[in-house]
Amino acid sequence: MLYTHTSYNETIALTTTPIYYLEPNTLIKVEDKDSDISGDYVIKSYSINLDGSGTMNINATRAMKTI
């Protein structure tokens, strides 16, 4: 039972168009079938580029499910 409810500090990095209302410690749901990523993640940090590329980089860690 402990094995099925334990996360091994799974982190992801996303690059997307800017989403200005997101802040650290916000819970987001990520679904990507190509990368086999599915679940709830907590934003740890983000950065928004000020140049013409208009992208946002997000670093997030998988949210622990309550037991």
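A residue is called buried when its relative accessible area is under 20%, exposed when that area is over 50%, and partly exposed in between, with a 1.4 Å probe and protein chains only. The structure above is a predicted model, in which local features need pLDDT of at least 70 and side-chain atom pairs count only at pLDDT 80 or more, while totals for chains, interfaces and linings use all residues. Residues are numbered from 1 along each chain as its sequence is written, and side-chain values use heavy atoms, with hydrogens and water left out.

**Exercise 1. Classify Thr61 as buried or exposed, and list what it touches.**

Solution. Begin with the location: Thr61 lies in strand S4, where strands are DSSP runs of E of at least two residues, helices are runs of H or I of at least four, and both are numbered from the N terminus. Next, take the accessibility of Thr61, which is 16%, so the residue counts as buried. Finally, look for contacts, meaning heavy atoms within 4.5 Å. Leaving aside residues up to four places away in sequence, Thr61 touches Asn9, Glu10, Thr11, Tyr41, Val42 and Lys44.

**Exercise 2. Describe the strand order of the sheet and identify which strands stand at its edges.**

Solution. First list the elements: the protein has 4 strands and 0 helices, and along the sequence these give the pattern β-β-β-β. Then apply the pairing rule, by which two strands pair if DSSP finds at least two bridges between them. The result is an open sheet of 4 strands in the order S1-S4-S3-S2, with antiparallel pairing. S1 and S2 each have a single partner strand and therefore stand at the edges, one side of each being left without a neighbour in the sheet. On average, and with direction ignored, neighbouring strands of this sheet are turned by 45° against each other, the axes being lines fitted to C-alpha atoms (for helices over the stretch in contact) and angles running from 0 to 180 degrees between N-to-C directions.

For the individual pairs, S3 and S4 run antiparallel and are joined by 7 bridges, and within this pairing Tyr46 has Ile58 in S4 as its bridge partner. S2 and S3 are also antiparallel, with 6 bridges, and here Asp32 stands opposite Ile37 in S3.

**Exercise 3. Find which residues other than glycine have a positive phi, and describe their surroundings.**

Solution. One such residue is Asn25, with phi near 70°; Asn25 sits in the loop between S1 and S2 and is exposed, at 63% relative accessibility. Another is Asp36, with phi near 60°, which belongs to the S2 and S3 hairpin with 4 residues between the strands. Asp36 is likewise exposed, its relative accessible area being 73%.

**Exercise 4. List the residues of the largest nonpolar core and say which elements supply them.**

Solution. Start from the rule that a nonpolar core is a set of buried Ala, Val, Leu, Ile, Met, Phe, Trp, Tyr and Cys residues joined through side-chain atoms within 4.5 Å. The largest core has 10 residues, namely Ile12, Leu22, Ile28, Val30, Ile37, Tyr41, Ile43, Met56, Ile58 and Ala60. Strands S2 (27-32), S3 and S4 are the elements that give two or more residues to this core. Within it, Leu22 touches Ile28, Ile43, Met56 and Ile58, and also touches Tyr46, when residues up to four places away in sequence are not counted. As background, nonpolar side chains in soluble globular proteins tend to be buried together. For the whole protein, buried residues make up 19% of the 67 residues.

**Exercise 5. Count the salt bridges and locate the partners of each.**

Solution. Under the criterion of a side-chain nitrogen of Lys or Arg within 4 Å of a carboxyl oxygen of Asp or Glu, the count is 2 salt bridges. In one of them, the side chains of Glu10 and Arg62 meet at 2.8 Å, N to O. This pair links distant parts of the chain, since Glu10 is in the segment before strand S1 (11-16) and Arg62 is in strand S4, 52 residues apart. Glu10 is partly exposed at 32% relative accessible area, and Arg62 is partly exposed at 23%. In the other, Glu31 pairs with Lys29, their closest N and O atoms being 3.6 Å apart, and both of these residues are exposed.
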